[in-house]
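Hi,

Here is the model I promised to pass on. Have a look at it first, and my notes follow underneath.

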Amino acid sequence: MTAKQAVLDQLRALIARGELAPGEKLPSEPALCARLGASRGSLREAVRELEALGVLQARHGSGTYVSQLRPAEMMRGFAATVDLIPLDGLLELLEIRRVLEVHAAARAAARATAELDAELARLLAEMSEVRDPVQLSALDARFHGRICEAGGNEALSALVEVFRARGSHYDIYSIEDVRRHSDDAHRAIAAAITARDPAAASVEMGAHIAATERWLRAYRPEPNRI
């Protein structure tokens, strides 16, 4: 084990045990080095790694603090690595995404409001008019994202957003058959949510994401430039 890894493990343990609480400022560098038996170089490397993961936050002129450790914020830190996953890996993530969004759609139908109904209707109308694949992908992301948000689980929304970020690099909306079936699926999902039918919403969402997986397997598009 490297010196940096040893310090990293100790810092993680202090945070996990609550000895360094969310929002708390880290002790001074000399004090922390003495406490952990670490060199300044190893401590700084460990702190930088935890900052990259969203565990610590450096505040200019103030010091370094433990973040609020909110699951949604920390999960977004996965995006940098998820963006590198090839298509076969993305297909595995789609299986996870399907489970998450099926749950989110059911919760959205149970918790839906007139405001959500109106927003989904607006997004459907915009998607029906847009022909540019990039714009369509952005609207599609907002449609799914809004349903996840309505489900009320911030961490779930963030995790789906990370998975979708990689999926957006693969263009399948230029294929007319895919586009038509996707539009139909979106309308069916929105209708189930508007009808306040959690069971139907989950079925429609599951079928839609399963179809996306089939299209990606069948067409195997090259990723767009990131």
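To start with a small puzzle: leaving aside its neighbours within four places in sequence, which residues is Ile172 in contact with? They are Val178, Thr212, Trp215, Leu216 and Pro221, where contact means heavy atoms within 4.5 Å.

Before I go on, the small print. This is a predicted model, in which local features need pLDDT of at least 70 and side-chain atom pairs count only at pLDDT 80 or more, while totals for chains, interfaces and linings use all residues. Residues are numbered from 1 along each chain as its sequence is written, and side-chain values use heavy atoms, with hydrogens and water left out.

Back to Ile172. This residue sits in the loop between α9 (154–167) and α10. Ile172 is buried, at a relative accessible area of 5% (buried is under 20%, exposed over 50%, partly exposed in between, with a 1.4 Å probe and protein chains only). One of its contacts, Thr212, is 40 residues away along the chain, and the two C-alpha atoms are separated by 8.7 Å.

Now the overall picture. The protein chain has eleven helices and two strands, taken as DSSP runs (H or I of at least four residues for helices, E of at least two for strands) and numbered from the N terminus. The order from the N terminus is α-α-α-β-β-α-α-α-α-α-α-α-α. The radius of gyration is 22 Å, well over the 17 Å that the globule rule gives for 226 residues, so the chain is more spread out than a compact globule; the radius is taken over C-alpha atoms, and the rule is 2.2 Å times the number of residues to the power 0.38. Along the principal axes, the C-alpha atoms fill a box of roughly 65 × 40 × 30 Å.

Of the 226 residues, 42% are buried. Among contacts with a separation of 6 or more, 73% are between residues 24 or more positions apart. The exposed area of the chain is about 11700 Å², with carbon and sulfur atoms supplying 54% (Shrake-Rupley, 1.4 Å probe).

Helix α11 (residues 198–219) deserves a look. Its 22 residues should span 32 Å at 1.5 Å a residue, and its end C-alpha atoms are 32 Å apart, which agrees; the expected span is 1.5 Å times one less than the number of residues. The buried residues of α11 include Met205, His208, Thr212, Glu213 and Trp215. Among the elements covering them are α6 (87–111), α8 (133–150) and α10 (176–194).

Two backbone spots to check. Most residues other than glycine have a negative phi. Arg220, in the segment after α11, has a positive phi of about 40° although it is not a glycine, and Arg220 is partly exposed at 41% relative accessible area. Leu69 also has a positive phi, near 55°. Leu69 lies in the loop between β2 (63–66) and α4 (71–75), and is partly exposed at 25%.

Finally, Arg131. This residue is in the loop between α7 (114–129) and α8 and counts as exposed at 52% relative accessibility. Outside its neighbours within four places in sequence, Arg131 is in contact with Glu176 and Arg179. From Arg131 to Leu11 is 120 residues in sequence and 50 Å in space, C-alpha to C-alpha.

Cheers
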